[in-house]
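Trainee: Could you take a close look at a single part of this model and describe how its elements are arranged? Please also say how far the prediction can be relied upon.

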Amino acid sequence: MQTTKDSWWKTFPTLILAAAAANYRVDISDTSLLRFCGFSCSIFTSQGTLTPLHARLPSRGGIRLGQSNEEYEVKLRSDWSRQGATRGCNATHVSMIVRYVQFLKELHAHLNTSFSQQTLQALVARKAVHNSECLQWQMSLDDFKEMDDSFNIFKCIHQVVNDEEAVYKLTYDVIHEFAEDNVKYLELRSTPKDIPSTGMTRDLYVRTMLRAVHDCHLENVDIMVYILLSIDRRNSVEIAQLTVDLAEKFYKETGVVVGLDFSGHPGIGNAADFIPVFKSAKEKGLKISCHLAELAMYEETLAVLRQSPPDRIGHGTFLHRYDPGQGYEEIEDTVISKRIPIEACMTSNLKTNTVSKYSEHHFDFWFRKRHPVILCTDGKGVYKTSLSGEYIHAARTFSFSKQDLWQLTLGSIDHIFAPDTIKTLLHNKWQLACP
Ligand SMILES: [Zn+2]
């Protein structure tokens, strides 16, 4: 059975036309994009055998539609007409979305939760030689339903990524994977760790990430990468200040570390305790993205916004969901008046059960106000998503127009932490790349 390029055209003119026009690379080893668009895929070998999609594909890569592929033949079966009738997504809409998800900026990605399955398997296999318990950690990935479960998974991953080689491989692979998802600008965040048993120090941790960034740059991987050092709110204020000092050192030394992230389990500790640390970071010229209002914790949210408002807010799920008359209107008012951008991680919020469905995600509330909001993945590995997938979820759920997609993808450039020269560069690249 030979499926040719011609037959693809006949069967799927809309997708192929859009792909050819935009030279958009569809990675069929990750079917999420096609699935979100309402397509399903089957692979036929040259012998005519139907093969499970995941079994025969290259470990990384895929195909570029419009080019022949000698080894694999791909048959896409379109369900969009049926789904489109019920979900408000027609062929034109699908092709428009596909064309706009090719110049993405990822501003909220945690290194340790952004692994691919291939990378995780390799990292687990390394550790399993000495500790067979590791094999069970991988299985627990499919078994979480709320926020506490995801933080338990994070603990397991931290045990796999606890030495120099693992940090390097994870960083290197994650950068390549984002580049393959058409992400052109990435801010990757991680908590520098001291792990005496493996010789890891906070300083070495950051240097190792930087080495991977540098190596990807030498390979001409088509993505700009910057690093944020994370402050884990479960740790002490003293450790947080150490992290700020480390960020300042690498900011001055490399320019690749551009700021800080404040994160960790939102139910542990009090963000207000870290306000002096946030102020110290700002005095040093560092940017701050702060996980805030991930849960309904209005007192700490108000304290941070009053005394040291961050440059961006991670999640912000409950910024506007206060009970009237309690004095928390100031939270929403401050976010709006200071135009603090919000990093929206839709799938992450659904999987950790802080939002019940896509249509109820607070992205819509802020976006319709024309407040700066940026779609992000949070952890593409743990939450089994991709940045292009997040755009497609949002586009389909909220019925984006062409102008909405334009505003969303272009507007995110203004909120990156890299210097203004990079913003200008990205603006110019986007003008050239725009359909
Ligand atoms: Zn996060």
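**Strand pairing**

Mentor: Strands β6 and β7 run parallel, and five bridges join them, with β7 covering residues 183-190. (A strand is a DSSP run of E of at least two residues, numbered from the N terminus; two strands pair if DSSP finds at least two bridges between them.) Within this pairing, His110 stands opposite Arg189 of β7.

The pair belongs to an open sheet of eight strands, whose order is β6-β7-β8-β9-β10-β11-β12-β13 and whose pairing is parallel. At its edges lie β6, residues 104-110, and β13, residues 373-375, each of which pairs on one side only. From one strand to the next, the twist averages 25 degrees, taken between the N-to-C directions of axes fitted to C-alpha atoms, on a scale from 0 to 180 degrees.

As to reliance, this is a predicted model, in which local features need pLDDT of at least 70 and side-chain atom pairs count only at pLDDT 80 or more, while totals for chains, interfaces and linings use all residues. Residues are numbered from 1 along each chain as its sequence is written. The chain has a mean pLDDT (the predictor's confidence in each residue, from 0 to 100) of 78, and 71% of its residues reach 70 or more. Over residues 1-91, however, the pLDDT is below 50. That stretch nevertheless has 124 contacts in the model beyond near neighbours in sequence, a contact being two residues whose C-beta atoms, placed from the backbone, lie within 7 Å. Where pLDDT is low, predicted coordinates should not be read in detail.

Methods:
Helices (H or I, at least four residues) and strands (E, at least two) are DSSP runs, numbered from the N terminus.
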